[in-house]
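Let's take a walk through this fold, one element at a time. Have the structure open and turn it as you read.

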Amino acid sequence: MTTLLPTTTAGSLPKPRWLAQPETLWSPWKLEGQELIAGKRDALRLAVDDQRQAGIDILGDGEQTRQHFVTTFIEHLDGVDFEKRETVRIRNRYDASVPTVIGAVSRPKSVFVDDARFLRAQTDQPIKWTLPGPMTMIDTLYDAHYRSREKLAWEFARILNEEAHELEAAGVDIIQFDEPAFNVFFEEANDWGIATLERAAEGLKAETAVHICYGYGIKANTDWKKTLGAEWRHYEQTFPRLQKSTIDIISLECQNSRVPMDLIELVRGKKVMVGAIDVAIDMIETPEQVADTLRDALRFVDPDKLYPATNCGMAPLSREVARGKLKALGAGAEIIRRELAA
């Protein structure tokens, strides 16, 4: 990236009301067949336009063609039965009915590559594509086949690597793996989770990122955060190992969070995606509030390694609120650029 402080989103944006019920996760599609295919593409174009108008530098698809950041990828894999469901605890936080791994998992064909090509055709700006990370994938399933979280994670890492290489060939500049599970399962993350993440990114020439957050702005997550005390030091458990990893960009949640900003020091030398937009509230930040967060972060990361972003995806928000937050992000980053140039 040649742009100083290139802005980006963590991933999802709200879908148009005519495509899916807004402000809802796992919202069913309102269209079918060819109308659904066309509707998803139209929504992707709108997401790109919203980002571009807000001054976002690294564009994403807003995850407009998927119902959920994890399960949509898994739906395209063999070895997983979506009819055979079990209730599991997701990230030790809430119960959910999930599909079951019934055999060896494999990817019969690419999952998102056509959509990535479509995104690439919409813009000359850098583009980013998000994929679920291996550890977060295994935490969203019931495993009746491998019966080993680690073994299943390594299998998913192999599959993700195949997909990532095809995304790279389609013109994706940054491939991001979403690993909110790293903020919960610290021992597993350090023992093998980060290693499986590196396997998913193995051999890529595109930049790689890992997104680690405290979750969407849904009740289960906001209630959990109320129990975490005065300081949220979860990143302290995995950042030292991530600093030594092959991953290029590491994210953390900063806006309205209780994460001590000096934890960025633990990944010194890496590029850092700093969450400067709170996705758990409807209040739209002012550009100056965004700038304040970025100024604070710049005490611990060099300007050429700072990527202003959102704390997490914005799928549960209204489109109006999300657009306002995108504009605040773009404008806040511009304030800091002007200050650095003065």
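Start with strand 5 (residues 174–178) and strand 6 (residues 207–211): they run parallel and are joined by five bridges. To find the register, look for I174, whose bridge partner in strand 6 is E207. Keep in mind that you're looking at a predicted model.

What links these two strands? Strand 5, helix 6 and strand 6 together form a β-α-β unit, and a right-handed one. Now look at the other neighbour of strand 5. Strand 3 (residues 128–132) pairs with strand 5 over five bridges, again in the parallel sense, and here P132 has D178 as its bridge partner.

So how enclosed is strand 5 by the rest of the structure? Check its side chains: I174, Q176 and D178 point one way, I175 and F177 point the other way, and all of them are buried. That's five of the five residues, so strand 5 is largely enclosed by the rest of the structure.

Zoom out and you'll see the sheet these strands belong to. It's an open sheet of six strands in the order 3-5-6-7-8-9, with parallel pairing. Strand 3 and strand 9 sit at the edges with a single partner strand each, so one side of each has no neighbour in the sheet. Going from one strand to the next, the twist averages 25°.

Now head over to the strand 9 edge. Strand 8 (residues 271–275) and strand 9 run parallel and are joined by four bridges. Two pairs give you the alignment: V272 stands opposite L306, and V274 has P308 as its bridge partner. The connection should look familiar by now, as strand 8, helix 9 (residues 287–297) and strand 9 make a right-handed β-α-β unit.

Strand 9 is at an edge of the sheet, but what about its faces? Both are covered: L306 and P308 on one side are buried, and so are Y307 and A309 on the other.

Next come the helices. When two helices pack, the things to ask for are the angle between their axes and the distance between those axes. Take helix 5 (residues 149–169) and helix 6 (residues 186–200): they pack at an angle of about 25°, with axes 7 Å apart. Angles under 35 degrees count as roughly parallel, and helix 5 and helix 6 are therefore roughly parallel to each other. Helix 5 passes helix 6 in a right-handed crossing. On the helix 5 side, the contact residues include W154, R158 and N161, while E188, W192 and R199 are among those on helix 6.

Compare that with helix 1 (residues 33–53) and helix 3 (residues 113–122), whose axes come within 11 Å and cross at roughly 45°. These two helices are therefore oblique to each other. The crossing of helix 1 past helix 3 is right-handed. R41, L44, R45, V48 and R52 of helix 1 make the contact with D114, D115, F118, L119 and Q122 of helix 3.

Finally, which residues of helix 3 are buried? They are V113, D115, A116, F118 and L119. Their cover includes helix 1, strand 3 and helix 5. That brings us back to the sheet, where strand 3 is one of the edge strands and pairs with strand 5.

Notes:
Residues are numbered from 1 along each chain as its sequence is written. This is a predicted model: local features need pLDDT of at least 70, side-chain atom pairs count only at pLDDT 80 or more; totals for chains, interfaces and linings use all residues. Side-chain values use heavy atoms; hydrogens and water are left out. Buried means under 20% relative accessible area, exposed over 50%, partly exposed in between (1.4 Å probe, protein chains only). Two strands pair if DSSP finds at least two bridges between them. A crossover is right-handed if, with the strands pointing away from the viewer, the path from the first strand over the helix to the second runs clockwise. Axes are lines fitted to C-alpha atoms, for helices over the stretch in contact, and angles run from 0 to 180 degrees between N-to-C directions. Angles under 35 degrees count as roughly parallel, over 145 as roughly antiparallel, 65 to 115 as roughly perpendicular and the rest as oblique. A crossing is left-handed if the near helix is turned anticlockwise from the far one by less than a right angle, and right-handed if clockwise. Contact means heavy atoms within 4.5 Å.
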